[in-house]
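Please open the model in your viewer and keep a selection tool at hand, since the tour proceeds by selecting one group of residues after another.

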Amino acid sequence: MTILVTGGAGFIGSNFVLDWFAVSGETIVNLDKLTYAGNLENLASLADDDRHVFVRGDLGDRALVDELLVRHTPRAVVNFAAESHVDRSIRGPEEFIQTNIVGTFRLLECVRAYWSALPSIEKSAFRFLHVSTDEVYGSLALNDPPFSEANTYEPNSPYSASKAASDHLVRAWHHTYGLPVLTTNCSNNYGPYHFPEKLIPLIIVNALDGKMLPVYGDGQQIRDWLYVKDHCSAIRRVLDAGRIGETYNIGGWNEMANIDIVHIVCGILDEWRPKAGGGSYREQITFVKDRPGHDRRYAIDARKIADELGWHPDETFETGIRKTVRWYLDNPEWVNNIRSGAYSAWVSKQYDTA
Ligand code: NAD
Ligand code: DAU
């Protein structure tokens with residue numbers, strides 16, 4: 001048995017691939033374009049593992065995807081591949097439209113052709129799982145209830161609009177063509193292999209470098225945070241038992257303001273890696289210009305996946321953030337290796353003008 005995963009060299013995808021082999025013997029064909037966000041070093045431990053078949057390519061390359069589907073006959077496709085960083089989508093939306101919308105469309109068309117031709121037993125067992133985000137629901141006021149699966153879509157950034165569009169395509173391919181799809185909408189992940197353009201790894205890496213810790217606006221924006229391995233277990237659970245055509249919200253019941261996250265990370269670093277000259281990493285906190293159109297609050301009502309599928313996160317934020325900081329302290333070479341010209345260029349473009 002085999003599954004095809006797209007974007008399996010990125011942050012969540014690589015954690016998913018690694019965790020998969022800890023619980024399953026099933027082969028993964030991993031299709032990833034290796035953009036700046038894809039990193040095969042994340043999967044180095046699988047270099048000699050025949051169960052992992054890595055293919056560099058675009059999810060929108062129909063000839064390649066057709067060929068992979070015919071050759072490997074997967075029982076499921078899990079679609080992680082995307083442009084994922086909101087700030088990059090604001091500076092340059094084109095790639096987000098191409099990969100997240102056009103790419104998902106082309107992938108759906110290839111999968112539809114493949115699935116239509118499957119023998120009936122394989123056809124009814126087949127699943128297409130689309131990994132999406134809570135950002136499609138827009139922004140909540142402080143007293144609003146958390147997002148449920150019934151919330152309307154109100155995306156506010158080029159990134160979230162492109163993910164919303166891809167969710168709609170997935171839904172339509174089910175309703176129109178009968179493709180057996182599942183969609184998951186998850187909150188902010190954190191954990192190992194998180195690219196340091198995103199808040200938590202950026203704060204850890206900048207703190208250790210003695211650089212400013214940039215907090216957008218007043219730092220009171222709220223996100224729900226989920227340890228990445230809990231997201232991976234939720235995806236496995238939805239793949240196993242989710243009802244076809246349904247969407248499942250995934251979250252950690254853990255809303256926090258950005259400034260509080262930054263203080264917690266600084267506190268752990270002060271404890272585990274005290275600054276050589278004394279003082280606290282908190283002194284590096286710098287309030288910078290806000291993100292345009294910055295969503296104020298996200299929160300997830302994760303009761304459906306809990307009630308229907310019995311999924312609950314294993315980590316609290318307290319345990320997950322400590323594991324995360326420990327991972328970055330223990331893996332300085334991973335951080336150094338991604339500090340390519342491209343990474344440095346992004347950091348100076350984003351923060352020198354702040
Ligand atoms: P990421 O940016 O770390 O990784 C994306 C991966 O996709 C990279 O390996 C990249 O090389 C690959 N990729 C990009 N364009 C591609 C293309 N055209 N063809 C093939 N591969 C391509 O992203 P992530 O944080 O791991 O997110 C994975 C998925 O989960 C995305 O769909 C994202 O929208 C969703 N999501 C992320 C979060 C989060 O907090 N990071 C939360 C909810 C949902
Ligand atoms: O909610 C799920 C989403 O979470 C995913 O769909 C996205 O792919 C993922 O990138 C993430 O989006 P966010 O925009 O919430 O994550 P980011 O880490 O970029 O920012 C988290 C919060 O921190 C957000 O309110 C912006 C703020 N921030 C971010 C950066 C990079 C800062 O204050 N300073 C920063 O330097």
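What follows is a sequence of selections, each with a description of what is found there.

This is a predicted model, in which local features need pLDDT of at least 70 and side-chain atom pairs count only at pLDDT 80 or more, while totals for chains, interfaces and linings use all residues. Residues are numbered from 1 along each chain as its sequence is written, chains are lettered from A and ligands numbered from 1 in the order in which they are written, and side-chain values use heavy atoms, with hydrogens and water left out. Helices (H or I, at least four residues) and strands (E, at least two) are DSSP runs, numbered from the N terminus.

**Strand β4 and its partners**

Begin with strand β4, residues 76–79, where A76 and V78 point one way, V77 and N79 point the other way, and all are buried (under 20% relative accessible area, with exposed over 50% and partly exposed in between, using a 1.4 Å probe and protein chains only). In a regular strand the side chains alternate between the two faces of the sheet. Add strand β1, residues 2–6, which pairs with β4 in the parallel sense over four bridges (two strands pair if DSSP finds at least two bridges between them); here T6 stands opposite N79. Then add strand β5, residues 127–133, which runs parallel to β4 and is joined to it by four bridges, with R127 of β5 as the bridge partner of A76.

**Three helix pairs**

Two packed helices are described by the angle between their axes and the distance between the axes. Axes are lines fitted to C-alpha atoms, for helices over the stretch in contact, and angles run from 0 to 180 degrees between N-to-C directions.

Select helix α4 (residues 94–116) with helix α6 (residues 158–177): their axes come within 8 Å and cross at roughly 15 degrees. That makes α4 roughly parallel to α6, as angles under 35 degrees count as roughly parallel, over 145 as roughly antiparallel, 65 to 115 as roughly perpendicular and the rest as oblique. The residues that meet include F96, I101 and W115 in α4 and Y159, L169 and W173 in α6.

Move to helix α1 (residues 11–23) and helix α8 (residues 228–241), whose axes come within 9 Å and cross at roughly 65 degrees, so that α1 is roughly perpendicular to α8. Among the residues making the contact (heavy atoms within 4.5 Å) are F11, F16 and W20 of α1 and H231, C232 and R236 of α8.

For the third pair, select α7 (199–209) and α9 (258–272), which pack at an angle of about 40 degrees with their axes 10 Å apart, and therefore α7 is oblique to α9. The contact is made by L199, I200, I203, I204, A207 and L208 of α7 and N258, I261, V262, V265 and L269 of α9.

**The open sheet and helix α11**

Now select the open sheet of three strands, which has the order β7-β9-β11 with mixed pairing. Its edge strands are β7 and β11, each pairing on one side only, and the twist averages 50 degrees from one strand to the next. Three bridges join the parallel strands β7 and β9, and Y190 has Y227 in β9 as its bridge partner.

Finish at helix α11, residues 317–330: the expected span of a helix is 1.5 Å times one less than its number of residues, so these 14 residues should span 20 Å, and the end C-alpha atoms are 20 Å apart, which agrees. Which residues of α11 are buried? They are F317, G320, I321, T324, V325, W327, Y328 and L329, and the elements they pack against include β7, β9, β11, α7 and α9.
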